[in-house]
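Student: Could you take me through one part of this protein up close? I'd like to hear about the nonpolar packing and whatever sits around it.

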Amino acid sequence: MKKMRMATFVFCFWSLLPVCAQKQQKLEGLWQKCTAIDVNGKIQISTQPYLKLLLSDGSFQNLFMRMSGNGSFILTYGTYRQTSDTTYVEHIHNSISDPLLIKKENVLKFQIQKGGWLLIMYRMPGAVNEAHEIWKRIEIHSEKKLFNTFLHAAPKVDDSASLVSK
């Protein structure tokens, strides 16, 4: 029942958001997996410790981020090609999360939404149901922009002098 409710939410959530008006939607970038959670009748989006890196050279990596212990690691890697505005194919070179996928192709349907949201739908080989995933684009800021943000957040020279004298 919960799976059906969550699938219905994902479908409704994405069908209500306006699709970006782009002819060729860019998949390249760094994406973080998210999950829709029902909290007291309200749906909240929370981030998960999974990243998807899609590079312009056609390679991809799915990573797991661990904040403690042995650190982060690559779950799956391979190459991908975008076959249409709504479909791309992953050719999996290696996978520690599902070794049965090695040397297989996985066809994924996708939709990029305003605000940097990505909905991916796919069916694993042998699976009955289609899987749905929500991803959020991680914006990569230039060094200059990060430095300027830091400068605006830092105390002014006069402020810091008054802090030292206290």
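Tutor: Here's a walk through the packing, followed by one polar spot and a word on confidence. Keep in mind that this is a predicted model. The largest nonpolar core has 15 residues, and the members touching the most others are L27, L54, Y80, Y88, F110, L118 and I120. Three elements each give two or more residues to this core: β5 (87–95), β6 (105–113) and β7 (117–122). Zoom in on L27 and, skipping anything up to four places away in sequence, you'll find it touching L54, Y80, Q82, Y88, F110, I112 and L118. There's also a second, separate core, made of six residues, with C34, A36, M121 and I134 among them.

Now for the polar spot, T76, which belongs to strand β4 (residues 73–82). T76 counts as buried because its relative accessibility is 7%, under the 20% cut-off. Its side chain makes a polar contact of 3.2 Å with the side chain of S95. Setting aside neighbours within four places in sequence, the contacts of T76 are F60, Q61, N62, I92, N94, S95 and S97.

How far to trust the rest? Mean pLDDT for the protein is 80, with 69% of residues at 70 or more. Residues 14–23 fall below 50, though the model still gives that stretch 17 contacts beyond near neighbours in sequence. Residues 159–166 also stay under 50, and there the model has one contact beyond four places in sequence.

Technical notes: Residues are numbered from 1 along each chain as its sequence is written. Side-chain values use heavy atoms; hydrogens and water are left out. A nonpolar core is a set of buried Ala, Val, Leu, Ile, Met, Phe, Trp, Tyr and Cys residues joined through side-chain atoms within 4.5 Å. Buried means under 20% relative accessible area, exposed over 50%, partly exposed in between (1.4 Å probe, protein chains only). Helices (H or I, at least four residues) and strands (E, at least two) are DSSP runs, numbered from the N terminus. Contact means heavy atoms within 4.5 Å. A polar contact is a pair of N or O atoms within 3.5 Å; within protein, one must be able to donate a hydrogen and the other to accept it, and residues adjacent in sequence count only if both atoms are side-chain atoms. pLDDT is the predictor's confidence in each residue, from 0 to 100.
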